[in-house]
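Biologist: Before we discuss this model, could you put the sequence and the structure on the screen, so that we can go through the chains together?

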Amino acid sequence: MNMMSATECLLQMCEENFELEDYQSGVPRWCTGCGDNAILAAVQRLCRDEGLRPEKTVFVSGIGCSSRFPHYMNTYGFHGIHGRALPVAEGVKMARPDLTVFVNTGDGDCCSIGAAHWIHAIRYNMNLTVFLHDNQIYGLTKKQASPTSPIGTKSNTTPRGSYLEALNPLTVTLGVQNVSFVAQAVDWIPEVLFDIVKAAYHHKGLSFVRILQRCPEWLPKSLDPWMNDPNKVQLLNHENGLQFSAGLSKVYKNQLQHDPSNMDRAREIASSTDLVPVGILYRNPSVPCYEDLRRSDKLRTAELTSVGLNAELDKYTVWPQETKEKVA
Amino acid sequence: MEADTQAHVAFFLTGRRPSEHLDAVDGLDLRPALFAGYRELTQLRHDFPLVLVADRADKLFVQSLSGLTDSALDVVASGSDGERIRKHVLQMEQEIRALTMGGASGTLSALWATAASRLAKNKNKSAADKSLEDSLRRARAAVKVDGELANCDAALPARLLRHAWNAVQKQKAEAFRKDIDRLVLKLSDILKADFERSAAGRSAKHLKESVGTGYGDAFDFDALSHLLAKALPKDEFPESRRRRIRELLAVLGAQQFFPASDAAAKKASAAKPYSFFFDTCGDALSTFRKRMPKLIELAKAIAIAELEIDGQYSEVKHDALFEQFGANGLDPQDLAPFPDYLVCVNAEQMQAAEHAHLMEILSSGLPIKVLLQIDDILEESPNGEGNLTAGMRSRQIANMAIGLNEVYVMQSSSSNLFRFRERMLRGLTYRGPALFSVFSGASGKASGLPPYLVSAAAMESRAFPAFTYDPSAGPNWASRFYLEANSQVDLDWPIQGFAYEDEQHQRVSEDLAFTLVDFVASDRRYAKHLARVPREKWNGSMIPVDEALTRERKGLPDKIPSVLMVDADNVLQRVIVDARLIREARRCREMWHSLQELGGVHNSHAEQLLAREKKAWEDRMQQEAEAHAAVAPATAPAVAAPAASAAPAAASAPVEQEPERSSDEAYIETARCSTCNECTTINNKMFAYDRNQQAYIADINAGTYAQLVEAAESCQVSVIHPGKPRNPKEPGLEELLKRAEPFL
């Protein structure tokens, strides 16, 4: 029986209701038209709707345009070092499992310098919500090719066009052991973006959301073919995944039934290049979280710390008796 | 009527026993025929003795010796010496069973050792001895558990229930202590952090102490203290919060509901934990009430501590709420983490006041678990000698408790307790009162039979049926009431096969019903209701009791109920029964029928409904057949009924209605806005964000048509529709209209 006790009711009676403004902090310095703004709006809406307490919520980021995200959230935040947003977030979660931890990382931060951390964070499957803001270019440093830049992208580092096929963050993530949640969103369909952000937040484990976002400054036309033709966006619907409103379905008619528990199909869909799949590609709530596997039942008391420390230090103690024996 | 039959009828009606026709059964040492095979219990493999396994709060808290032996044999009795090991280990099991039935007590390992040495003594010192030693050693290694052995005797119900209760409470205590330790640590940390921020915490002396002796001279602590005092903000706690936390720590530290953790218990000041085990309902009830204020204080402290640790306690909001905390008592969910009370009482020793206390406990919803042990269900009725009560007095409490609706009720014989072990645990973990009504079968003095056999017979004969009523199992009787533990639950009396050898040494098999009369017949106190019919006087007027019960009695009976019994030499005897016992058997059957109805077996409501529906169906069929017969002779085909009107068009799926917009009107498709700031940068009076941070036209008059067109052009997702200009005098309208065209 899921009845609440009188005490629980009493404790909930005084809970606060939050407004969007409670999560806003400063005016974003992103360029006008930047897709990051859409992600910020969706995440702030999530925080308000879920009643996340600002002092219990942490946004961790690395370096890049996307990584300015924590500055604009009126919660705790950690604007970390390049490529290391995920390990910092894992540390926060391990020490304070009671906090809700989000990670904002960009295509350079996550898929280039932070690629090793990315792979292992997926394998560890800690309860984090990770947003990969993928604008396919290094924007903060004014246009250099990133691992996800489409082949032929002309940039300051590739003036004749980039030579390599773009890395696909979805197929990479789906190829790692213990992956438990992978979704793709686009910044220009805010309704679906919000639904995906919400589903990612509710998933227990590492939820990886790649968000295709426009960079109006350095790659203004790059996503136009998909943005201007709704048929090139394929919405993934399923009773165990997302379901779309009638209004949205009128515009986005290209929809596919996809069961998020089907990994093989998820990999297939993630590999498509002409269409942009939007929705939950894969979800497996039964993958264990690292913090649950490794969390100790013991309270971290002063005594526990001192016993542990002494045991460690004793390994290096030179006992007088042993010394004498050696001398003898 | 023949003289014999006449004598039988006379006995049936009056209990008179003419010696030339009938014998008294006193001193004949008769027992029901179906008991013939159960003369030597040590030879029979059954659930007893049980092993009370320590530190288990799941269904493995008790295991049967035979079950353990079987599991051990599965592991070790394989290969070429498997059969030898099996033989030795089963001998061992029998020896241990004999020891416990002889009164020996102790742990499994201790009795195993004793039994092993006894077995070894009985064997010759030869190779067999070595092989026995080897078999037992290997089997012992495969038995991984240990614990006290318990036989089916008068002490079993209390012993087993207390063992289970201890295991459940221990688990509860561990969880509770962990919680309390966590709260104490976190609250202490809050106070510690407060101190570090205070003037005293930043004093040179304290700073020096915190660095330790090794580097004590390396710093200028006065300067450090001065610097810290100036540089760091002063935000000490209000004194009220500090005081509150100290009070919480005092309450949490002084609680006596569970033993304190090892470290805390060593302190001389540690309070002795309360006991929760009682011998009378009155004591348990008064103690519960006496401890209630302390319980509320602790529950309140835990709730406040959680808020404090979470940084959520607000004096303005919470002080007033917590002032009245627990004024109306605590609900079962709040009481759940605290220990349950256990009361073990014997029905024979209960006085009227104790009965009243028991009912008060059961009806008040308190977390008190009561074991009501009944040793004798065939006690004589206070109404007169020889009258049966057939467990009425003790059974009524369990039946009444079911009527209270919120009490977990378990009724079982001792013999069935092992099968009910999980139900026992469920009752102990149930949030609220629980009643365990157990018949121990220890009225052996009256029957000379072992308690196991008496209690099993009571259950089998429906004199003491086993059932559970679990209010937490679901919303209806089907999910709450469980009766299936009784054998052949859909019959009035269980039927067992019985085979014997007749005078011509031929095997005769028949099915015998085990009725209440069979159970009562084994009790010497009721010998006067029975009369043995000498073999030469056996005749066709004697019929089994179950058959007699199904007959309606009209006038003088021509058939007399009888039961088959065996004497000490296992010779079959036929015993007739008087009307009083038959009346009791009928009463017992009626009570069993009530239980069956509760358990959904032969439910009268369901059967009535079924009969009604069946009749309605038959009537309908009949009418249809008649109608068909009436129509059939007509030669012309029946006029086709007008074609069924076309199926109504499938209800169109609800489609979100979008407001009709005219292309003259300026608007934004707000739901599709991606918050890119383009429009608000152009004119933040005209364009604004809603509560979801998505744009809408806040004031169309706050800007020009040119700005509307510019916003539409720069919108990343093309959701701005500029409409037609409102001011016909706006310069450059012609060009603006051309630009606006794609967005209308």
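Biologist: How many residues of chain B are in contact with chain A, and with how many residues of chain A?

Modeller: This is a predicted model in which local features need pLDDT of at least 70 and side-chain atom pairs count only at pLDDT 80 or more, while totals for chains, interfaces and linings use all residues. Residues are numbered from 1 along each chain as its sequence is written, and chains are lettered from A and ligands numbered from 1 in the order in which they are written. Taking two residues to be in contact if their C-beta atoms, placed from the backbone, lie within 7 Å, chain B brings 33 residues to 30 residues of chain A.

Biologist: How do the residues of the side of chain B that touches chain A divide into nonpolar, polar and charged?

Modeller: Here Ala, Val, Leu, Ile, Met, Phe, Trp, Tyr, Cys and Pro count as nonpolar, Asp, Glu, Lys and Arg as charged, and the others, Gly among them, as polar. On the side of chain B that touches chain A, the division is 10 nonpolar, 13 polar and 10 charged.

Biologist: Which residues have the most contacts inside the largest nonpolar core?

Modeller: A nonpolar core is a set of buried Ala, Val, Leu, Ile, Met, Phe, Trp, Tyr and Cys residues joined through C-beta atoms within 7 Å, and a residue is buried if 20 or more other C-beta atoms, placed from the backbone, lie within 10 Å of its own. The largest such core has 127 residues. Those with the most contacts inside this core are Val343(B), Val370(B), Leu435(B) and Phe436(B).

Biologist: What share of the residues in chain A is buried?

Modeller: Chain A has 13 helices and 11 strands, both being DSSP runs numbered from the N terminus, with at least four residues (H or I) for helices and at least two (E) for strands. Of the 328 residues in chain A, the buried ones make up 42%.

Biologist: Are helices H25 and H26 of chain B roughly parallel or roughly antiparallel to each other?

Modeller: The axes, which are lines fitted to C-alpha atoms over the stretch in contact, with angles running from 0 to 180 degrees between N-to-C directions, come within 10 Å for H25(B) (residues 705-714) and H26(B) (residues 733-740) and cross at roughly 25 degrees. Angles under 35 degrees count as roughly parallel, over 145 as roughly antiparallel, 65 to 115 as roughly perpendicular and the rest as oblique. H25(B) and H26(B) are therefore roughly parallel.

Terms used:
A residue is buried if 20 or more other C-beta atoms lie within 10 Å of its own, exposed if 12 or fewer, and partly exposed in between; C-beta atoms are placed from the backbone.
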